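Biologist: I have a protein chain in front of me and would like to walk through its fold with you, one question at a time. Could you show it first?

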Amino acid sequence: MQIQNVELVISAVAAGQYPTDQLPEIALTGRSNVGKSSLINKLISRRKMARTSSTPGKTQTLNFYRLNQALYFVDVPGYGYAKVSKRDREKFSQMIETYLTSRQTLKGVVSLVDIRHEPTADDISMYQYLKYYHIPVLVVATKGDKVPRGKWNQRISRISKALELNQTDQIVVFSSQTGVGSDQVWQWVEQQTAV
Ligand code: GDP
């Protein structure tokens with residue numbers, strides 16, 4: 001998809017602030033530092049639209065990026081950041097849950113995991129949660145450039161196994177450094193949103 005126009009429409013802290021223009025949405029989730037901002041920036045060909053975090057876990061809002069006035073990317077706060085207080089964490093997990101379970105325009109979730117590591121307990125919970133609510137998921141294994149290509153299949157099958165990846169869900173290797181996987185992610189997004 002050729003991105004002509006990107007706007008950060010709202011950094012929402014409450015459901016009342018979500019956009020009302022009914023465009024299809026793709027949410028992006030993953031633990032802090034997994035490479036989510038880098039992936040968003042790569043996909044929309046902007047260097048610094050989504051904030052890459054030197055202070056991980058700082059983005060505690062749902063950020064709605066409108067692309068070509070056709071769809072939204074919804075950047076979900078990264079989970080698993082230890083320095084966030086328990087109270088804030090609960091507040092945000094509730095906001096995310098409400099969003100994921102009740103948003104009519106949500107068409108799918110890109111769930112990011114680091115290709116180098118076993119999925120964390122949080123990664124597994126998130127995937128199971130999305131499956132429980134029948135939300136289509138694309139698993140993206142980030143930082144592909146950090147693992148030799150010859151090891152990708154092995155990494156992918158370990159991740160798929162740990163997540164108990166559903167047969168209908170795909171997993172894609174991605175790198176924001178090389179751009180590998182970008183086309184596959186876009187293809188999936190276009191399928192889900194019919195744009
Ligand atoms: P976020 O917290 O999930 O938004 O993660 P960021 O996008 O801010 O990335 C976290 C760190 O990982 C930064 O230092 C990035 O430069 C680095 N990073 C992200 N994606 C990649 C990638 O594909 N390859 C490599 N080598 N580093 C990456």
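**Packing and fold of the chain**

Modeller: The buried residues of helix α4 pack against β5 (106-114), α3 (121-132), β6 and β7. Please keep in mind throughout that this is a predicted model.

Biologist: Which residues of α4 are buried, and on how wide an arc do they fall?

Modeller: The buried residues in α4 are Arg155, Ile159 and Leu163. Seen down the axis of α4, the buried residues line one face of the helix, because they fall within an arc of 60°.

Biologist: Which exposed residues does the face of α4 turned away from its buried side carry?

Modeller: Exposure here means that 12 or fewer other C-beta atoms lie within 10 Å of a residue's own. On the face of α4 that is turned away from the buried side, the exposed residues are Asn153, Gln154, Ser157 and Lys161.

Biologist: How far apart are the end C-alpha atoms of α4, and what span should its residues give?

Modeller: Helix α4 covers residues 152-163, which makes 12 residues, and at 1.5 Å a residue these should span 16 Å. The end C-alpha atoms agree with that expectation, since their separation is 16 Å.

Biologist: What follows α4, and what is the sign of its phi?

Modeller: The residue that follows α4 is Glu164, and its phi, near 55°, is positive.

Biologist: Is Gln167 buried or exposed?

Modeller: Gln167 belongs to the loop between α4 and β7. A residue counts as exposed if 12 or fewer other C-beta atoms lie within 10 Å of its own. Because Gln167 has 5 other C-beta atoms within 10 Å, this residue is exposed.

Biologist: How far apart in space are Gln167 and Ala70?

Modeller: In sequence, Gln167 and Ala70 are 97 residues apart. Taken from C-alpha to C-alpha, their separation in space is 29 Å.

Biologist: In what order do the strands of the open sheet run, and which are the edge strands?

Modeller: The open sheet has 7 strands with mixed pairing, in the order β1-β3-β4-β2-β5-β6-β7. Each edge strand pairs on one side only, and these strands are β1 (6-12) and β7 (170-173).

Biologist: By what angle are neighbouring strands of this sheet turned against each other on average?

Modeller: With direction ignored, the average turn between neighbouring strands of this sheet is 25°.

Biologist: In what sense does β6 pair with β7 and with β5, parallel or antiparallel?

Modeller: Strands of a sheet pair through backbone hydrogen bonds, and this can happen in either sense. Strand β6 (residues 137-142) shares 4 bridges with β7, in the parallel sense, and in β7 the bridge partner of Leu138 is Gln170. Between β5 and β6 there are 6 bridges, with Ser111 standing opposite Val139 in β6, and the sense of this pairing is parallel.

Biologist: How many residues of β6 are buried?

Modeller: Both faces of β6 are covered, with Val137, Val139 and Ala141 buried on one side and Leu138, Val140 and Thr142 buried on the other. The strand is thus mostly covered, and the count of buried residues is 6 of its 6.

Biologist: Which residues of α5 are buried, and what covers them?

Modeller: In α5, which comprises residues 182-193, the buried residues are Val185, Trp188 and Val189. They lie on the same side of α5, because they cover an arc of only 100° around the axis. What covers them includes β2 (25-30), α1 (36-43), β5, β6 and β7.

Biologist: How exposed is Gln184?

Modeller: Gln184 lies in helix α5, and its C-alpha is 14 Å from that of Ile40, although the two are 144 residues apart in sequence. Because Gln184 has 16 other C-beta atoms within 10 Å, this residue is classed as partly exposed.

Biologist: What radius of gyration does the protein chain have?

Modeller: The protein chain has 5 helices and 7 strands, and its C-alpha trace spans about 45 × 40 × 35 Å along the principal axes. With 195 residues, a compact globule would have a radius of gyration near 16 Å, and the protein chain agrees with this at 16 Å.

Biologist: Among contacts between residues at least 6 apart in sequence, what share joins residues at least 24 apart?

Modeller: Of the 195 residues of the protein chain, 36% count as buried. Among the contacts you ask about, the share joining residues at least 24 apart is 73%.

Definitions and conventions
Residues are numbered from 1 along each chain as its sequence is written. This is a predicted model: local features need pLDDT of at least 70, side-chain atom pairs count only at pLDDT 80 or more; totals for chains, interfaces and linings use all residues. Two strands pair if DSSP finds at least two bridges between them. Helices (H or I, at least four residues) and strands (E, at least two) are DSSP runs, numbered from the N terminus. Axes are lines fitted to C-alpha atoms, for helices over the stretch in contact, and angles run from 0 to 180 degrees between N-to-C directions. The expected span of a helix is 1.5 Å times one less than its number of residues. A residue is buried if 20 or more other C-beta atoms lie within 10 Å of its own, exposed if 12 or fewer, and partly exposed in between; C-beta atoms are placed from the backbone. The arc is that of the directions from the helix axis to the C-beta atoms. Two residues are in contact if their C-beta atoms, placed from the backbone, lie within 7 Å. The radius of gyration is taken over C-alpha atoms; the globule rule is 2.2 Å times the number of residues to the power 0.38.
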